[in-house]
Amino acid sequence: MSAGSGVGRALRGVRTKTLLRIFAAVVIIALIAGFFVFDFGRFLSLDHLRAERRQFVAAVASHPLQSALIYVAIYIVMAALSLPGAGVASLAGGAIFGLAAGTVLVSFSSAIGATCAFLIARYLFRDAVQRRFGTRLERINRGIERDGAVYLLSLRLVPIFPFFIVNLVMGLTPIRTRTFYIASQVGMLAGTVVYVNAGTQLAHIRTAADILSPSLLASLALLGVFPLFARWMLGIYQRRRVYKPYAKPKRFDRNLVVIGAGSAGLIAAYIAATVKAKVTLIEKDRMGGDCLNTGCVPSKALIRSARLLYDAGRAGRFGLADMHPEFEFADVMRRVERTIAAVAPHDSAERYTALSVECIHGEARLISPYEVVVDGRTLTTRSIVLATGAHPIVPPLDGIDAIDYLTSDTVWNLRELPQRLLVLGGGPIGCELAQCFARFGSQVTLIEMCVQLMPNEDPDIAELVQQQFRRENIDVRLEHKAKAIRVADGVRQLVCEAGGHETAFEFDRLLIAVGRRANFAGFGLEELGITPDGRGAIDVNSRLQTRFPNIYACGDAISPYQFTHIASHEAWYASVNALFGGLRKFAADYSVIPWATFTDPEIARVGLNETEAEQRGIAFEVTRYDLAELDRAITDEAAHGVVKVLTAPGKDKILGVTIAGERAGDLIAEFVLAMRNGLGLRKIMATIHVYPTFAEASKAAAGRWRAAHAPERLLQFAERYHAWRRG
């Protein structure tokens with residue numbers, strides 16, 4: 001079966017769905033138009049209801065079931081098509097069927113009709129609305145998914161907005177149909193009883209004001225507040241239940257205890273000390289955590305040394321003789337150690353002690369929501385921030401325990417360059433280290449089970465990295481799934497499955513880089529009922545609270561974005577909520593998240609890429625600027641890579657940016673600032689950039705977008721104007 005035939009079927013399916021939607025819309029519009037053209041509204045007036053009431057009552061007496069079914073059908077159609085007259089129809093239910101039967105009929109008819117209108121709006125418009133405004137609606141969608149029933153119940157009990165608008169708008173959200181129906185059935189019951197009861201007194205009703213008196217509206221308003229009040233009471237009940245087994249101290253030794261002195265923990269403690277809170281920071285290993293000791297700092301130091309060696313080997317491109325510097329790998333690793341030592345004072349216990357943070361070296365364990373034990377010492381605290389970090393994932397391969405494998409934590413202990421290095425994992429860590437060791441002279445094989453390197457990036461961006469890897473003789477094996485480790489006669493092999501066949505790769509050292517998992521065990525969390533989520537991370541809400549509102553978590557322990565800058569970002573929310581949550585709480589904002597992979601070429605991202613936008617059904621345009629056209633890139637022999645900007649169709653609103661090339665991690669900052677502050681490409685284009693710099697790539701990309709959206713009619717007018725000026 002060809003790929004073309006599959007694409008053709010997909011396109012035909014899309015066209016069929018579109019035609020069905022158009023047909024349904026035409027039918028609905030025709031029915032609504034017919035209602036007004038033939039003036040069916042005249043049958044939905046109080047005067048007509050009073051005039052024909054006796055005949056209706058007689059029909060019900062002689063044919064009760066048939067009359068009820070006809071009434072229900074008419075009511076459902078009216079509600080489904082959002083036709084006017086629902087109030088009179090509800091009065092008719094009481095006037096014709098009485099209070100009890102009328103309430104039942106109107107209640108179910110209105111809920112079913114509202115659900116039909118909801119489904120019509122969902123079928124016709126939801127995909128288009130979410131595709132066009134999906135990024136703007138993310139927070140609303142999350143709120144509806146979490147508390148949609150409460151919001152809808154409030155709207156039903158307080159008729160601030162007409163019900164037909166509520167039906168249509170809710171159809172555009174992710175609320176479940178079942179939830180919508182139940183909340184509508186319950187929420188509209190109070191109003192239904194009011195209207196049906198009024199219908200039984202039809203002779204005394206002249207206008208709607210006779211039904212909706214100020215006192216009645218006030219009563220309905222109080223009913224509308226009830227769901228919010230009930231939610232507040234439920235929160236109090238849940239908090240009391242979760243804290244019930246634990247005695248709350250009458251006095252606390254400190255305001256905040258932070259567990260873990262990595263990036264997140266250091267920022268949380270720093271913020272607490274800055275606002276004069278009494279804070280204790282506990283770390284069982286080294287201050288600075290993974291970023292300083294085994295992550296960002298050592299890896300970037302190693303990358304710099306490897307890049308210098310690589311550039312020396314291509315000095316001929318700069319008009320110099322190619323150089324082949326001699327080096328000892330142990331000296332390179334000692335330079336990495338010196339770099340860590342130079343940065344370490346920024347994260348040291350001495351510095352934080354000087355900032356009034358109590359630093360304790362030891363293993364922390366929670367024994368209650370208010371108590372932390374460290375090496376036999378019990379600390380009482382009003383709030384706790386868990387910044388426990390993460391550790392490398394080691395897959396359960398057969399024979400893995402028979403070898404001394406490397407991870408991103410232990411690779412820094414190497415002092416001898418491996419002749420044959422096998423890297424398992426083609427994500428950011430695996431790619432960065434694979435390229436480093438290849439540049440130092442290792443024969444590197446990289447194994448990745450997905451169809452491309454860096455699976456979270458667009459295929460064309462990943463291909464740029466893979467092309468560079470080929471030029472550097474890195475053996476990249478995609479769609480290979482590791483199965484087992486074999487060791488025979490001193491020869492080590494990784495057995496992989498690919499295309500239904502097994503392939504074995506020999507190696508001297510194996511570096512495992514398949515991801516990292518949150519540190520969860522050993523802190524007493526299980527005993528407190530704090531459970532991990534589906535990723536094995538600490539489960540928190542949008543305010544970074546665990547099941548105990550005074551226990552927060554941040555950084556790699558919770559985040560799918562395991563980056564130092566995101567850990568710092570989350571630490572602000574966790575610490576501020578922990579210290580000032582009684583006054584105001586903040587939901588963590590993940591709307592503009594940048595990151596970079598420091599391969600050569602560098603890859604930097606913020607917002608959506610093409611793959612994610614297509615998966616989420618978000619409409620977009622792509623503007624590409626090739627760095628081969630950038631003057632500074634040409635002068636620096638770095639004229640390769642691309643700036644790729646996604647914008648809303650026809651607009652300069654930035655949905656996402658991917659940059660591949662020299663200094664991509666620096667270039668992305670301008671786009672992050674623009675997205676964070678709602679600035680479009682026009683603003684970037686209007687900003688003066690220094691020449692010649694790599695930063696000009698941002699302006700050039702914005703100019704490329706502007707050229708593609710030039711006002712043709714205005715330009716035609718300008719052409720005629722200048723021709724007229726020439727005489």
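What follows is a walk through the fold of one protein chain, from its overall make-up to its sheets, cores and aromatic contacts.

The model is predicted, so to speak of a local feature takes a pLDDT of at least 70 and side-chain atom pairs count only at pLDDT 80 or more, while totals for chains, interfaces and linings use all residues. Residues are numbered from 1 along each chain as its sequence is written, and side-chain values use heavy atoms, with hydrogens and water left out.

To start with the whole, the protein chain has 24 helices and 21 strands. These are DSSP runs numbered from the N terminus, with helices being H or I of at least four residues and strands being E of at least two. Along its principal axes, the C-alpha trace spans about 105 × 90 × 60 Å. Of the 727 residues, 45% count as buried, where buried means under 20% relative accessible area, exposed means over 50% and partly exposed lies in between (1.4 Å probe, protein chains only). As for contacts (heavy atoms within 4.5 Å), residues 24 or more positions apart account for 65% of those with a separation of 6 or more.

Now for the sheets. In general, strands of a sheet pair through backbone hydrogen bonds, either parallel or antiparallel. Here two strands are taken to pair if DSSP finds at least two bridges between them. One open sheet has 4 strands in the order β10-β9-β8-β14, with parallel pairing. Its edge strands are β10 (475–477) and β14 (509–512), each pairing on one side only. On average, neighbouring strands of this sheet are turned by 20° against each other, direction ignored; such angles run from 0 to 180 degrees between N-to-C directions, with axes fitted as lines to C-alpha atoms, for helices over the stretch in contact. Within the sheet, β8 (residues 420–424) and β9 (residues 443–447) run parallel and are joined by 5 bridges, and Val-423 stands opposite Leu-446 in β9. Lying across β8, β9 and β14 is helix α16 (residues 428–440), at about 165° to β9.

The other open sheet has antiparallel pairing, and its 5 strands come in the order β17-β18-β21-β20-β19. At its edges sit β17 (594–597) and β19 (621–626), which each pair on one side only. The twist from one strand to the next averages 10°. Strands β18 (residues 602–607) and β21 (residues 654–661) run antiparallel with 6 bridges between them, and Gly-607 has Gly-656 of β21 as its bridge partner. This sheet has a helix across it too: α23 (residues 696–708) lies over β19 and β20 (641–647), running at about 130° to β19.

A further strand pair is β1 (residues 254–259) and β2, which run parallel and share 4 bridges. Val-257 has Thr-280 as its bridge partner in β2. Why is strand β2 (residues 279–283) largely enclosed by the rest of the structure? It is because 5 of its 5 residues are buried. In a regular strand, the side chains alternate between the two faces of the sheet. In β2 both faces are covered, with Val-279, Leu-281 and Glu-283 buried on one side and Thr-280 and Ile-282 on the other.

Next come the nonpolar cores, each a set of buried Ala, Val, Leu, Ile, Met, Phe, Trp, Tyr and Cys residues joined through side-chain atoms within 4.5 Å. The largest holds 51 residues, of which Ile-259, Leu-366, Val-372, Val-385, Leu-386 and Ile-538 touch the most other members. Helix α11 (residues 263–274) gives the most to this core, with 6 residues. A second, separate core has 39 residues, including Phe-437, Ala-438, Leu-446 and Ile-461.

The aromatic rings round off the picture. Rings of Phe, Tyr and Trp (its six-membered ring) pair if their centres lie within 6.5 Å, with planes under 30 degrees apart counted as stacked, over 60 as edge-to-face and the rest as tilted. The count by this rule is 19 aromatic pairs. One of them, Phe-329 with Phe-440, is edge-to-face, at 5.6 Å centre to centre and 75° between the planes. Phe-329 lies in helix α14 (residues 329–343) and Phe-440 in helix α16, so the pair ties together parts that are 111 residues apart in sequence. Phe-329 is buried at 5% relative accessible area, and Phe-440 is buried at 6%.

Elsewhere, Tyr-243, Tyr-246, Phe-252, Tyr-370 and Phe-548 form one aromatic cluster. Arg-547 lies over the face of Phe-548, at 5.2 Å from the ring centre. A charge sits over a ring if NZ of Lys or CZ of Arg is within 6 Å of the ring centre and within 35 degrees of the ring normal.
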